[in-house]
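Visitor: Please show me the model, and then let us go through it by question and answer.

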Amino acid sequence: MSRTGTSLIGRRTAGTSTAGTSPGSRVRRMPMGLDIVIRDAVPARLPGERPPGAPPAPAAGPRRLIARQGGEYLFVGLRGAAGLPARQPATDMVLGPGDICFYDVHQPPVLDFPRHARLKVFLLSRQLLGLARSDVPRLTHAPVTPTSRLGALLSPFLSDFADTAAVARSAVGDMLAWNAVSLLSTLAGEHLADQARGREPDTRAPLMSDILDFIDLRLSDTGLSPKTIARAHHISVRYLHKLFREEGMTVGRLIQRRRLAECRRVLTLRSAENMTIAAVAHHWGFASPTHFSRVFRDTYGMSPSEWRELAGRGDREAGE
């Protein structure tokens, strides 16, 4: 299920494609660069893509995901993460039905799944989710389980969405696609934050949790900076940067990603349709509308106005 080599997607038009697919597989290309694959084939295999100029096989041994129970498993395949150095040796991971697991399509894990397992895979770029390349290793480190707050909410939704997308008319498909991308972006961001809060117990974990909460509560403050964050928590700016470096991120990157996510969310709301894009950007801490538009496009692959129009068109067409 790759765009390189033997493509299982076929043309770039939305719809279900069966050309080149394996028996038991269904592929649906959605708007916004989202592809959905449903696979019952045995042995179970995840869609993978080879980056340009890459050798036939990855240099390091692939990670192995193990399932001892039948049922349904959800995966989010991230494009555009090739070339990331491994932060730790590949280790096996045990999954249960309903788990949501992120993976890098350029280094897909090997599956050891029972015959009656079903895979539902969402393929999209890391940029569309607002993720830096450095976010990917942490995001793929652990699954989102149905016992978690977000897992309990999104696991059944994503499962139903994959089935609905296969038969939905284009107008409804457009609306569902941008909703799904928005939810997956939220899931990725929250999962990264939860991982930062839920590290092995040590003297820094409670502090990091407090810092992340502090940042979320003050995103609209244009004066939010490493200096103000460090002062509020009685630590040095140097130590603050060290904490974030150990989590594989920077303070500035986290603040910007969270602000962008809030702006993108607000731009889809009917209650905010009379707000200008500049006003939305200013409310969430962006001092310059030009800078906001540039980083929004760099992150999501479209301008804020194009995103708002896409969301509005989905609402209008769904109501027709």
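Guide: Helices (H or I, at least four residues) and strands (E, at least two) are DSSP runs, numbered from the N terminus. The model is predicted: local features need pLDDT of at least 70, side-chain atom pairs count only at pLDDT 80 or more, and totals for chains, interfaces and linings use all residues. Residues are numbered from 1 along each chain as its sequence is written, and side-chain values use heavy atoms, with hydrogens and water left out.

Visitor: Where is R126 found?
Guide: Strand 9 covers 117-125 and helix 1 covers 135-139. R126 lies in the loop between strand 9 and helix 1.

Visitor: Which side chain of opposite charge is nearest to R126?
Guide: R126 is buried (under 20% relative accessible area, 1.4 Å probe, protein chains only). Arg and Lys count as positive, Asp and Glu as negative, with His and the chain ends not counted. R126 has no salt bridge (a side-chain nitrogen of Lys or Arg within 4 Å of a carboxyl oxygen of Asp or Glu). At 7.2 Å, the nearest side chain of opposite charge is D135.

Visitor: Which helix gives the largest share of the largest nonpolar core?
Guide: A nonpolar core is a set of buried Ala, Val, Leu, Ile, Met, Phe, Trp, Tyr and Cys residues joined through side-chain atoms within 4.5 Å. The largest one has 69 residues, and L34 and F161 are among those with the most contacts (heavy atoms within 4.5 Å) inside it. Ten residues of this core, its largest share, come from residues 170-197, helix 3.

Visitor: How many residues are in the second, separate core?
Guide: This core includes V37, C101, Y103 and V121. Its size is 19 residues.

Conventions:
Buried means under 20% relative accessible area, exposed over 50%, partly exposed in between (1.4 Å probe, protein chains only).
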